[in-house]
Amino acid sequence: MSSLLVDNIGELVTNDARPGDPLGVRRDAALLVEDGEVAWVGPARYAPAADRRLDAQGAAVLPGFVDSHAHLVFAGDRAAEFAARMAGEPYTGGGIRTTVGATRAASDDQLRATVRRLHGEAMRQGTTTIEIKSGYGLTVADEARSLRIAAEFSEDTTFLGAHVVPAEYADRPDDYVGLVCGPMLAAAAPHARWIDVFCERGAFDVDHTRAILAGGQAAGLGVRVHANQLGPGPGVRLGVELGAASVDHCTHLTGADVDALAGSATVATLLPGAEFSTRSPYPDARRLLDAGVTVALATDCNPGSSYTSSMPLCIALAVREMRMTPAEAVWAATAGGARALRRDDVGVLRRGARADLMILDAPSHLHLAYRPGVPLIRQVLHNGVPQCPH
């Protein structure tokens with residue numbers, strides 16, 4: 001059994017909470033990895049012997065980021081759409097159909113190359129767990145192949161056949177919902193862990209959303225919901241009612257929405273990259289946190305409304321624009337993302353957890369928000385294996 005000792009850690013964020021310290025910070029610490037798992041955590045002076053040693057050189061070590069909302073299986077480019085928004089055009093979600101056309105026309109190898117590129121890009125920035133959605137195929141065959149490709153890169157794949165109603169069903173949305181709940185779900189479910197719906201004006205109403213999510217649950221899939229991004233709506237409360245692991249976006253919330261989340265195990269996953277890229281109002285994370293809601297941060301990486309794979313950027317935006325403290329944002333980007341995926345093996349560094357971690361080129365987690373835009377990830381370990389040193 002091979003072992004690796006990571007020592008000379010100046011600040012170790014474990015997310016193994018202690019009273020008054022949700023990040024479970026340890027100073028002058030060390031961490032032992034065996035067979036891809038954390039085998040021991042404690043003061044450096046008590047560190048056990050190991051076959052190999054990795055010197056953190058007094059830097060901060062954190063759990064790998066858990067990006068619980070990403071759309072990586074696509075083809076094409078929507079830079080012109082971004083430029084138009086920056087010139088003042090509003091975001092409506094209509095550009096999704098542009099990506100659908102390009103994705104349908106792409107080969108498996110082209111789609112796989114895009115996922116590989118973005119997955120590697122995210123890993124270099126500290127992301128060791130990433131959820132990947134379908135949703136740019138919107139035919140039975142294209143949704144199934146999107147999920148097959150996504151499953152090559154992630155354990156957490158999500159069937160999002162209900163992203164928008166494709167053009168060929170524009171006048172027959174009920175027929176499309178029937179397709180999603182029937183042949184498309186049957187083809188997608190073997191390759192997915194989750195089902196998701198874009199419950200929003202211009203996408204799917206509450207009745208269609210309920211029918212699709214109920215079908216997914218009957219097929220053994222967990223529930224996620226895109227909700228309340230473009231305006232107030234029923235998506236958040238429906239997600240809570242159905243026991244969704246996460247409702248995502250949460251930009252426009254009523255008091256009833258916040259109360260529903262606070263009284264549930266459903267995570268509010270906030271996606272500040274989308275607000276940054278669409279010039280939309282940011283979610284009020286402070287309101288959610290003060291109400292006792294569990295909050296996660298994720299990138300929403302996609303070619304139209306949030307073309308970033310950077311969790312550090314999302315942390316900086318959450319702190320600057322959403323009134324989160326640096327500690328709250330780091331927790332939301334690691335342990336919060338794990339909660340949103342109902343995982344207890346990632347987002348934390350304690351005995352038995354997966355040895356997914358990053359070493360910063362900085363002495364503290366505070367630098368992730370304090371030094372926005374600076375490449376601070378010196379080293380990433382995934383399952384205890386070094387991935388991408390600078």
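**Close-up 1. Ala245, a buried residue in a loop of this predicted model.** Let us start with Ala245, which has a relative accessible area of 1%. Ala245 counts as buried because this value is under 20%. Its place is in the loop that links α7 (235–241) to β12 (246–249). Which residues does Ala245 touch, leaving aside those up to four places away in sequence? They are Trp194, Val223, Arg224, Ala265, Thr266, Val267, Ala340 and Arg342. Pro272 offers a sense of distance: from Ala245 to Pro272 there are 27 residues in sequence and 19 Å in space, C-alpha to C-alpha.

**Close-up 2. The open sheet of 7 strands.** Following the sheet across, you meet its strands in the order β8-β9-β10-β11-β12-β13-β14, and the pairing is parallel. At the edges are β8 (132–133) and β14 (295–297), each of which pairs on one side only.

**Close-up 3. Strands β9 and β10, with helix α4.** Here β9 (residues 157–162) runs parallel to β10 (residues 194–199), and 3 bridges join the two strands. Look for Phe159, which stands opposite Ile195 in β10. Helix α4 (residues 140–150) lies across β8 and β9, and α4 runs at about 160 degrees to β9.

**Close-up 4. Arg112 in helix α3.** The last view visits helix α3 (residues 108–124), where Arg112 has its place. Is Arg112 buried or exposed? Its relative accessible area is 18%, so Arg112 is buried, the cut-off being under 20%. Not counting residues up to four places away in sequence, Arg112 touches Ile149, Glu152 and Phe153.

Definitions and conventions. Residues numbered from 1 in each chain as written. Predicted model: local features only at pLDDT ≥ 70, side-chain atom pairs only at ≥ 80, totals over all residues. Heavy atoms only, no water. Helix = DSSP H or I, 4+ residues; strand = E, 2+ residues; numbered from the N terminus. Buried < 20%, exposed > 50% of the residue type's maximum accessible area, 1.4 Å probe, protein only. Contact = heavy atoms within 4.5 Å. Pairing = 2+ DSSP bridges. Axes fitted to C-alpha atoms, helices over the stretch in contact; angles between N-to-C directions.
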